[in-house]
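Opening the notebook on this one. I want to go through strands, sheets and helix contacts, and jot down what I find.

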Amino acid sequence: MKIFQYLGQAFWYLLFIAFIGYFSTSPAYTFMEPDQALIKLAFNHAGKLKLPCREFTAEELAAKPKQMRIKFDCPRERSPVYVIMKVDGKPFFDKVISPSGLAKDLSSPLYERIPLKAGQYHLYLGMRDHIDTEGLDYEFEGTITLAASQILVIGFDSDLKEFTFE
Amino acid sequence: MITTILVKIQKAGLRLFQALERLAGYVFSGFNNPFYSLGALAFYFFYIIVGTGIYLFIFYDPSIKGSFDTVNYLTNDQWYFGGIMRSLHRYASDALVLTMVLHIFREFVLDRYRGARWFTWVTGFPALVLIFFSGLIGYWLVWDTLGQYIAVRSTEWLDWLPIFSEPSARNFLTNSSVSDLFFRLILIGHIAISIFLFVALLVHVKNISKAITNPPRNLAVGTFLFLLVLSLAVPAVSQERADLSRVPNIINIDWFYMFVYPLMDHWSMGGVWALVAAISLLLLFLPWLPPKRNQPVAKVLLEKCSGCNLCVVDCPYEAIILQPRSDGHPSYVREAVVVADNCVGCGICTGACPFSRPPRGEELLTTGIDISTRDIQHLYIASSQALEALNSNIKVLVYGCDHGADLDNLGIQGVAAVSLPCTAALPASFIGYMLRHGADGIFLTGCRMGDCYHRLGNVWVEQRLTLDYLYRPHLPRWIPRERIGHYWAGAGDKRQLARVIDLFQQGLHAPIAPAQISQTRQTPGKKH
């Protein structure tokens, strides 16, 4: 009778490892179809200061304590950054990114995933980093080719003032 | 509304577990039933993870290239040991999640999470979070396409919360974004979380005395051997090397840890956070949905407390401590004090107290420690009335508990039952007393062995029936053992219990003879 007990136990153990063994890797998950590619629009660009520095008036300076009497008032708040992306003439992405930081004085971070089918596209990118600008401050227009499963990272070089592709 | 749903889930879950446990009970006896040791098994798998993890750590190179290469080396070149260690590490981690989830669900359906037990339930939550956290980070360390997927999606998920000024997912934009330092940090994090997890597990069992953190040997050997078989038959292997310039399309994800990730592709990240937050809040506040009605707690009657420590030893919830005597008793130095927050009112302390004995002429029966609403006087009256109500040649008095098989209407002529909060609340001396005062047989029942609602009740009862040493209150030798039966029956085992009691009654043949229950005591340690 002991043998049946051991066989019964083996059955339970087999059930246990079968469950673990299967769900440890299966069923396979299709994260993205194999003919898809991914654009990651990601950068960290600081918008221009929202307001220019201005000189304090004599009355304003007089109202301040002595140790705080500096000549200029330079607000730290930065402009939000506006980004637009068009693919084959159709708008794909359009967003205003607020500056980070409690005083809104830091850069505007962007991280956006845009899945597309592999293939050739006409891409248009535009960015405005000052609220007073009419239209856009920076633009890119060109053709890109996306291979299947490729990740194309589109960034922005704040020093060179241009979009980057990696 | 939510309470109604929870009660329905509880009832359905209870039926499911009862069926599974009964099936497993055919081949795993008593404590060896894996469903009774889910918490201990989770501990055991944690030990396996730590042991195998130490071996993997020796070889692991925390760098962009080295991480994938060293894990692959262990898997392929050193398959005979390193590969097995890796597979055991992986499968024990999955087994840990499986047993943990079953453990949580089982404690919920058996209503072992409310009242004084809230602390153990709530402190299990940090352990649960750390297990998932540590497991997911462990997958990053392999740095294959699965590690890449988990790293990128985890950070994208995290970035939905407004906690970082810059998206953390930008750390995984390109292959050059990731540095060797990153792997060192992740490795340290993986180990540190495991240490925190161990501390969290210790806190989790803090309010449980004699916590069972090791499964029975048979179960430990069996699960290890079969995990070994799984490791040899289906070794854990890496997927392709991570490449941040390519999308991992089809991934073999570990569903035990990553079941929530596919939702991120179909819901918004906020939706997934809402789901996780809802589950977390539900788990954390479950003990108060609804709260358990105020349970009576044990009270110490100082004039009958000698500070003998027996109730402290038997209490399964760390609810009794000994403190210096407060009444200046000339002989006794210490007294028992009840920690009311930990007491569930099981009455095991009453069963352990040497002062819990049948009446010797006094009008009101009292003992050293008792439950106010179901005290020893109530037990005495209930036992006497049950016995008096019997009108049969052979009378059997059944003592059981509120959580085992239903004792109402057993349907056997000459059998009456008394239910206690726990069978171990029955003082051993009552058995002899009832046999001397009309009962021909005493039958003890309660939860299934290894699955006592109050953790250790049926273990204490068996020890009190069989122990030969005086320190713990036990059944005196002069009481005929053939007049005492016991059968541990779970909540759904009423029919089996009735059959066993019926057989026990038939086996008694004749009423007890006065000579059989002579009060002539034998010196403990000497046989008749």
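I started with a single bridge: Ile39(A) has Leu152(A) in S10(A) as its bridge partner. Strands and helices here are DSSP runs numbered from the N terminus, with at least two residues (E) for a strand and at least four (H or I) for a helix. That bridge belongs to strand S2 (residues 36-45) of chain A and strand S10 (residues 151-157) of chain A, which run parallel and are joined by four bridges. I call two strands paired if DSSP finds at least two bridges between them.

Housekeeping, before I go on. This is a predicted model, so I note the limits: local features need pLDDT of at least 70, side-chain atom pairs count only at pLDDT 80 or more, and totals for chains, interfaces and linings use all residues. Residues are numbered from 1 along each chain as its sequence is written, while chains are lettered from A and ligands numbered from 1 in the order in which they are written.

**Entry: the mixed sheet of chain A**

I followed S2 and S10 outwards and got an open sheet of four strands in chain A, ordered S7-S2-S10-S11, with mixed pairing. Strand S7 (108-117) and strand S11 (162-165) of chain A are at the edges with a single partner strand each, so one side of each has no neighbour in the sheet. Direction ignored, neighbouring strands in this sheet are turned by 20 degrees against each other on average. For angles I use axes that are lines fitted to C-alpha atoms, for helices over the stretch in contact, and N-to-C directions with a range from 0 to 180 degrees.

**Entry: the antiparallel sheet of chain A**

Which order do the strands take in the open sheet with antiparallel pairing? I read S6-S5-S8-S9 (chain A), four strands. S6 and strand S9 (138-146) of chain A are the edge strands, each pairing on one side only. The average turn between neighbouring strands of this sheet is 15 degrees, direction ignored.

I then checked two of the pairings. Strand S5 (residues 81-87) and strand S6 (residues 90-97) of chain A run antiparallel, joined by seven bridges, and Ile84(A) stands opposite Asp94(A) in S6(A). The hairpin of S5(A) and S6(A) has two residues between the strands, and Asp88(A) takes a positive phi there, near 50 degrees. Strand S8 (residues 119-128) of chain A pairs with S9(A) over nine bridges, in the antiparallel sense; Leu125(A) has Phe140(A) as its bridge partner in S9(A).

**Entry: chain A as a whole**

I counted two helices and 11 strands in chain A. Along the sequence the pattern is α-β-β-β-α-β-β-β-β-β-β-β-β. The radius of gyration of chain A is 28 Å, whereas a compact globule of 166 residues would be near 15 Å. That radius is taken over C-alpha atoms, and the globule rule is 2.2 Å times the number of residues to the power 0.38. Along the principal axes, the C-alpha atoms of chain A fill a box of roughly 105 × 50 × 25 Å.

**Entry: where the chains meet**

I find 35 residues of chain A in contact with 41 residues of chain B (contact: C-beta atoms, placed from the backbone, within 7 Å). On the chain B side, H8(B) gives the most, with six residues. By class, that side has 26 nonpolar, seven polar and eight charged residues. My classes: Ala, Val, Leu, Ile, Met, Phe, Trp, Tyr, Cys and Pro are nonpolar, Asp, Glu, Lys and Arg are charged, and the others, Gly among them, are polar.

Next, the helix pair. Helix H1 (residues 2-23) of chain A packs with helix H8 (residues 217-233) of chain B at an angle of about 50 degrees, their axes 10 Å apart. H1(A) and H8(B) are therefore oblique to each other (under 35 degrees counts as roughly parallel, over 145 as roughly antiparallel, 65 to 115 as roughly perpendicular, the rest as oblique). Among the H1(A) residues that meet H8(B) are Tyr13(A) and Phe16(A). I class this contact as eight nonpolar, four polar and no charged residues.

Strands meet across the chains too: strand S1 (residues 29-30) of chain A is joined to S1(B) by two bridges and runs antiparallel to S1(B). Tyr29(A) has Ile251(B) as its bridge partner.

Terms used: Contact = placed C-beta atoms within 7 Å.
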